[in-house]
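Hi,

Here is the structure I promised to pass on. Have a look at it first, and then read my notes below.

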Amino acid sequence: MEKNTKNIKDIENMSFETAYENLISLVEEIENSHLDLNSVIANYRQATELLKYCQNLLDKAQLEISKISPTEFAEN
């Protein structure tokens, strides 16, 4: 699987799985390493973009599923 946590480009062309894997890697790197402040900020920025992208894909998937089975996703 493609994995480039140092310089993530073309997020829009990533599969959900690749984007999520990169997001997890960035978060782990932030939490478990002794990065300088600039690296932490750069990783945080990339992680935020990946999070937005993954959430957008999940929202689209839920919408598609609700079209197939609308009663299962009706909000109460």
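In which kind of crossing, left-handed or right-handed, does α1 pass α2? The crossing is left-handed. Before I go on, keep in mind that this is a predicted model.

**The overall picture**

There isn't much secondary structure to keep track of: the protein has two helices and zero strands. Of its 76 residues, 24% are buried. The exposed surface comes to about 5,900 Å², with carbon and sulfur atoms supplying 52% of that. If you count the contacts in the protein with a separation of 6 or more, 46% of them join residues 24 or more positions apart.

**How the helices pack**

Helix α1 covers residues 16-32, and helix α2 covers residues 37-68. They pack at an angle of about 150°, and their axes are 9 Å apart. Since anything over 145 degrees counts that way, α1 is roughly antiparallel to α2.

So who does the touching? On the α1 side, the contact is made by F16, A19, Y20, N22, L23, L26, E29 and I30. On the α2 side, the residues are V40, N43, Y44, Q46, A47, L50, L51, Y53, C54, L57 and L58. Sorted by class, the contact of α1 with α2 has 15 nonpolar, three polar and one charged residues.

**Three residues to click on**

Start with A19, which is found in helix α1. Its relative accessibility is 0%, so A19 counts as buried. Setting aside neighbours within four places in sequence, A19 is in contact with M14, L50, Y53 and C54. Take C54 from that list: A19 and C54 are 35 residues apart in sequence, yet their C-alpha atoms are 6.8 Å apart in space.

Next is E29, also placed in helix α1. Is E29 buried or exposed? At 17% relative accessibility, E29 counts as buried, because the cut-off is under 20%. Its C-alpha atom is separated by 8.2 Å from that of N43, and the two residues are 14 apart along the chain. Both E29 and N43 are among the residues that make the contact between the helices.

Last is L57, over in helix α2. With a relative accessibility of 25%, L57 counts as partly exposed. How far from the C-alpha atom of F16 is that of L57? The answer is 6.9 Å, for residues 41 apart along the chain. L57 and F16 also both appear in the contact of α1 with α2.

That's what I have for now. Shout if anything is unclear.

Cheers

Key
Residues are numbered from 1 along each chain as its sequence is written. This is a predicted model: local features need pLDDT of at least 70, side-chain atom pairs count only at pLDDT 80 or more; totals for chains, interfaces and linings use all residues. Side-chain values use heavy atoms; hydrogens and water are left out. Axes are lines fitted to C-alpha atoms, for helices over the stretch in contact, and angles run from 0 to 180 degrees between N-to-C directions. Helices (H or I, at least four residues) and strands (E, at least two) are DSSP runs, numbered from the N terminus. Angles under 35 degrees count as roughly parallel, over 145 as roughly antiparallel, 65 to 115 as roughly perpendicular and the rest as oblique. A crossing is left-handed if the near helix is turned anticlockwise from the far one by less than a right angle, and right-handed if clockwise. Contact means heavy atoms within 4.5 Å. Ala, Val, Leu, Ile, Met, Phe, Trp, Tyr, Cys and Pro count as nonpolar, Asp, Glu, Lys and Arg as charged, and the others, Gly among them, as polar. Buried means under 20% relative accessible area, exposed over 50%, partly exposed in between (1.4 Å probe, protein chains only). Accessible areas come from the Shrake-Rupley method with a 1.4 Å probe; for residues, only the protein chains shown count as cover.
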